[in-house]
Amino acid sequence: MTGAAGARGRILLVEDNDTIRAAFAVLLEESGYEVVQAEDGAGAIEVARDALPHLILMDLGLPDASGLDVTRSLKSDPATAPIPVIAITGRALETDQAACMAAGCAGYLAKPVDTQQLLSAIPEYMGTRADRE
Ligand code: MN
């Protein structure tokens, strides 16, 4: 542990794969973040509104929606619009990165996600929150 649980901020982890979600949750919690979770797009919007996380990690392949559509919904709601979204996808094509940015994502990571890259990206993107500076 690097500090009190959740001391570094609250992250919403949106991922439909239980194994990946559990592994990321442990990694983030051990790094000092509070983690809230959702396994589909509807859940992501509900938890984002309830928990108002400081950052969202968004799997793009969800069972009920594209993570890009979920991101667009979050960006259209003033309550959740300022929250930076990092897209996580297995399709590492440049066109996907452009689509992520167009949908309002702050960043983009390709699967398999390098955990050190993820942990170093999080504080960087938390600082991009639109209403924080
Ligand atoms: Mn998925």
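Donors are N, O and S atoms within 2.8 Å of the metal. With that in hand, the manganese site can be read from the structure, which is a predicted model.

Three residues coordinate the manganese ion: D16 and D59, each through OD, and G61 through O. The distances run from 2.1 to 2.2 Å. Along the sequence, these donor residues follow the spacing D-x42-D-x1-G. The two aspartates, D16 and D59, lie 43 residues apart, and the pair links distant parts of the chain. D16 sits in the loop between β1 (10-14) and α1 (18-30). D59 belongs to strand β3, which covers residues 55-59.

Are these two aspartates buried or exposed? D59 has a relative accessible area of 4%, and it is buried because the cut-off for that class is under 20%. D16 has a relative accessibility of 31%, so it counts as partly exposed, the class between 20% and 50%.

The site can now be placed in the whole protein. The protein contains five helices and five strands. Read along the sequence, strands and helices follow the pattern β-α-β-α-β-α-β-α-β-α.

How much of the protein counts as buried? Of its 133 residues, 47% fall in that class. The surface that the protein exposes comes to about 6400 Å², and carbon and sulfur atoms supply 51% of that area.

Contacts give another view of the fold. Among those between residues at least 6 apart in sequence, 62% join residues at least 24 apart. At the manganese site, the pair D16 and D59 also links distant parts of the chain.

How values were computed:
Residues are numbered from 1 along each chain as its sequence is written. This is a predicted model: local features need pLDDT of at least 70, side-chain atom pairs count only at pLDDT 80 or more; totals for chains, interfaces and linings use all residues. Side-chain values use heavy atoms; hydrogens and water are left out. Donors are N, O and S atoms within 2.8 Å of the metal (3.2 Å for Na, K and Ca); water is not among the atoms, so sites may look incomplete. Helices (H or I, at least four residues) and strands (E, at least two) are DSSP runs, numbered from the N terminus. Buried means under 20% relative accessible area, exposed over 50%, partly exposed in between (1.4 Å probe, protein chains only). Contact means heavy atoms within 4.5 Å. Accessible areas come from the Shrake-Rupley method with a 1.4 Å probe; for residues, only the protein chains shown count as cover.
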